[in-house]
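Please open the model in a viewer and keep the selection panel at hand. The tour below proceeds one selection at a time.

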Amino acid sequence: MMSDKLDIELIVNGEQIQQSVLVRTNLVDFLRDQVGLTGSHVGCEQGVCGACTVEVDGVMVRGCLMLAVQANGSTVTTIEGFAGNTTGKKLQNAFSEHNALQCGYCTPGMLASSIEYIDRGGSTDRDSIRQHLSGNYCRCTGYQAIVDAVASVIEITDAGINQSEGAST
Amino acid sequence: MSGPLHEFDKPNSYIGRSVARPDAKRLVEGQGNYVDDIQLPRMIHAAFVRSPYAHAEIVSIDTSAALAVPGVVAVFTASEINSQLLPWVGTLTHLKGLRSPPQLPLADQVAHWQGEPIVMVVAQSRAIAEDACELVALDFNPLTPLCDAAEALKNDSPVMHAEYDNNLAWEKKVDAGDVDTAFNRSDVTVVQRTFQFGRHTGVTLEARSVVVEYQTTDESLVFHYSGQAPHMMQAVIAKHFQLPEENVRVIARDVGGSFGIKIHTYGDEIATAVAAKLLQRPVKFIADRLESFATDIHARDHTIKGKIGVTNAGDIAALSIDDLTGIGPYSMYPRTSAIECNQILNLTGAPYNIKNYRANGSVVFQNKNLMCQYRAVGHPVAMAVADSLLEDAANEIGMDVVDIRRRNLLADDAYPVTSASGMKFSELSHQQSLERLVEMMNYDQLRKDQKELRKSGIYRGIGLVSMVEVTNPSPMFYGIGGAPISAQDGATVRLDAAGALHVSCSITEQGQGTNTIIAQVAAEVFGVGLERIKVTTGDTATVPYGGGTWASRGAGIGGEAVLLAASALKSQVLDVAASILQTTADTLDIVSGVVVSKADNSERITLDDLGRIVYYRGNELPSDIKPELIATRHYRVTDFPFVFTNGAMAAHVEVDTETGFVKVLDFWVVEDCGRVINPKLVDEQIRGGVVQGIGGALYEECLYDDEGQLLNATMADYLVPMAAEMPDIHIAHIETPTSTSTLGAKGAGEAGTGGAPAALLNAVNDALRPLDASIHQMPMTPERILKELYTNLS
């Protein structure tokens, strides 16, 4: 009989992890229960709410829709590691400053989707930001402060680029 | 800013300043501390087998196959779990006549709603527990479910609870003035509508969660829960486990949303505590999303027949409502399921000058999930009924909807006022709020644009609401009826040896910023920098006794307790400083952590120096000085049953007459919650509240079929507002501080949810009016709107 466990090896927030995992365990449960990174949250277990979103090999994925064994050999970044990404750090500060979170349960996913939006060159257009975040459920804020926070990071970054361009000419 | 100048209005005051939440930093870095994050040695996990039927006899239960699953620790049925407890009954004595049978965690013999827990499996992991649940063999004899509240009330309906003669749980009548004579006057136009408000629920993103530890050595129980009222849960658990209250510790750390959902006695959570006791191991239960939809309390579910009479001049002559509401098979414990109906009877038409008012409420048992208090209890229904009737009546007599409010709103200089339903109002600003709203939304221009756009087939609507909100409740809300729910709160403020302030308070944090405003009040009143304040909430072992956070009471009641405690401590510290400095306390003050001379603000002694003298070098103090660098104060509202707030809101929508879709273009709020401690946090409470209100008005409904089966118990099927559909929400404040406290703060947490549905309903009907269609059912789904638009067309 085939074992219901497999050994996997992956990098999580820069740390090499080697563990044996039940093949049916999804990535977010593995990260929370076996790696001890409880910052990613489980809201619906069916890919709808977005609270478990993590970065796997540069792509934002739902941690509840991916099995841990599928992440074998991958590089994974969770909310605990987002500060290592320049955009992530800026967003964390902006979320705090704009009060773009209340209970904080959706925040890991909101940050992940916002990083994705900004790193893909998203604009400050509020409708575009809202469209991009529409796969992430937040019950507390009403979303406006989250849009404010994302827009503020883009504005500051754009201003910085313009300034440095201005300085070089 | 409209109130008189106050010492809190001075420059650099922490009160009135939008400081960022210190807690937020931790949460954005993934360092939260939610119940599911707790890992304890030997901890095991619970899952439940729940009734697939809305109403059924349980003929047999076979748990042997489940028990044989490797990793399963125990399988419990009602006989093991229920016998450990005294049953609970969801009644309150001040809701006269309310009845409900005793309840226990697991269904025994008969299951009364789909989702009711029947068997509990405890295993080494949740996954194993769920595997084993699949193997529990249950035989049922299905019974006729009572789903429709009106049917359940009929004389020939089967009766759900054998001990009662019918399915009525409670009824109430209000009759003030002479309603019939007023409706019959020749100069009065009468408008009647039947409103339906669907069931919806809180959908907290973090589901209900508990971890329970039980120590047999001293029979003590630790209940880690995601919730709002630790002391209430402590009292409930102690009573029903028959434990001394002091042996029960309830801890609520980070809470992933609550909105009134996590403040009740749920059988699965109590069963988890019983399992921890029986197995002498920590047990964790985290509801999954299906369990959340099926068993988190639902709210609303009201059918209301409303009738308004207005004179030709536009004065409200009379208002009457008949409310019928289904609450599930039991009244929830300990807050009961009659409060929402009671609020609706109390609050419908409350912003207006109405002498003739009649209201009847019937609360009915049915075979659906239990209904209880969710954010803005009763308000969205009461405000929608009154303001929809008012706007429809205004249109009948050809009056503008703003003008009819101007004629009928309680005047800002009329207070105190007692409403027809007996509510005591004071210090409200309906008129000022309405005028501010009209100005902010540019009402006249919007009307012009609306008219112009209609020519090109674009149907936009503008809808308003004037509202009141119940906040800062006194013991008249629950305590008077016998519930272990405290209306008072306490705060302890302590100065440590390094000059920092530690505040512990009985109100709780679910993301509103409770801990932040506690720190702001303490910092301002005591005179220390915000960065030197540490706040503790949510633990019955370490905070003073109090009610917690619900009914928009945290800032108003907890905030005042903090103010009183910080003020008392300041006076104690100044006495010590005066002794050290050989002067009198009235010549000293504390500013930014330093005791200064009042006369010239010159530094006399820093708080850390003072702390070190008191704690380490007491020999330097005169022997008759006995310093107490700690103070505790409690506060409750005494002059009024509730401290009401008021507000005015408006929605601007566009209805697509081809698809029935409603787009919310804009939303405006003018809110008067008294003194604003942190404008940013208040605005965010209002925005989040409005969006939940938009959800109830347009999207959210727990859909049951005729057999009592919940049809849409997933996040993909139960629609909630997402970022793309929501507008930016514009907010302005009128500040009329309440004179019931020094702080002057009223509540703000529920206003948005209470008012938004009414404004949306009016806006949609305003858009539909030229098409001779109207809707009085929430949520206003595209399908329902299309039916209203096209059913009458042949």
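Begin in chain B with helix α13(B), in which His430(B), Gln431(B), Ser433(B), Leu434(B), Arg436(B), Leu437(B), Val438(B) and Met441(B) are buried. The coordinates belong to a predicted model. The selection to make is residues 430-441 of chain B, a helix of 12 residues. From its first C-alpha to its last, α13(B) reaches 16 Å, close to the 16 Å expected at 1.5 Å a residue.

What covers the buried residues of α13(B)? Add the following elements of chain B to the display; the cover includes each of them:

- the helices α12 (401-408) and α14 (443-454);
- the strands β18 (459-471), β26 (643-655), β27 (662-672) and β28 (729-733).

Next, step to Asn442(B), the residue that follows α13(B). Its phi is positive, near 55 degrees.

Now select residues 339-347 and 379-396 of chain B, which are helices α10 and α11. The two pack at an angle of about 35 degrees, and their axes lie 8 Å apart. The crossing in which α10(B) passes α11(B) is right-handed. To view the contact, show side chains for Gln343(B), Ile344(B) and Leu347(B) on α10(B), together with His379(B), Val381(B) and Ala382(B) on α11(B). By class, this contact has 4 nonpolar and 2 polar residues, with no charged residues.

Zoom out to the whole of chain B, where 20 helices and 29 strands are found. The radius of gyration of chain B is 28 Å, close to the 28 Å that the globule rule gives for 794 residues, so the chain is as compact as a globular protein of that length. Along the principal axes, the C-alpha atoms of chain B fill a box of roughly 95 × 70 × 45 Å. Colouring by burial would mark 60% of the 794 residues in chain B as buried. Of the contacts in chain B with a separation of 6 or more, 80% are between residues 24 or more positions apart.

Finally, display chain A as well. How many residues of chain B are in contact with chain A? There are 41, and they meet 40 residues of chain A. On the side of chain B that touches chain A, select α1 (22-28) and α18 (679-698), each of which supplies at least two residues. The element that gives the most to this side is α18(B), with 7 residues. Coloured by class, the residues of this side of chain B divide into 18 nonpolar, 11 polar and 12 charged.

Terms used: Residues are numbered from 1 along each chain as its sequence is written. Chains are lettered from A and ligands numbered from 1 in the order in which they are written. Axes are lines fitted to C-alpha atoms, for helices over the stretch in contact, and angles run from 0 to 180 degrees between N-to-C directions. Helices (H or I, at least four residues) and strands (E, at least two) are DSSP runs, numbered from the N terminus. A crossing is left-handed if the near helix is turned anticlockwise from the far one by less than a right angle, and right-handed if clockwise. Two residues are in contact if their C-beta atoms, placed from the backbone, lie within 7 Å. Ala, Val, Leu, Ile, Met, Phe, Trp, Tyr, Cys and Pro count as nonpolar, Asp, Glu, Lys and Arg as charged, and the others, Gly among them, as polar. The radius of gyration is taken over C-alpha atoms; the globule rule is 2.2 Å times the number of residues to the power 0.38. A residue is buried if 20 or more other C-beta atoms lie within 10 Å of its own, exposed if 12 or fewer, and partly exposed in between; C-beta atoms are placed from the backbone. The expected span of a helix is 1.5 Å times one less than its number of residues.
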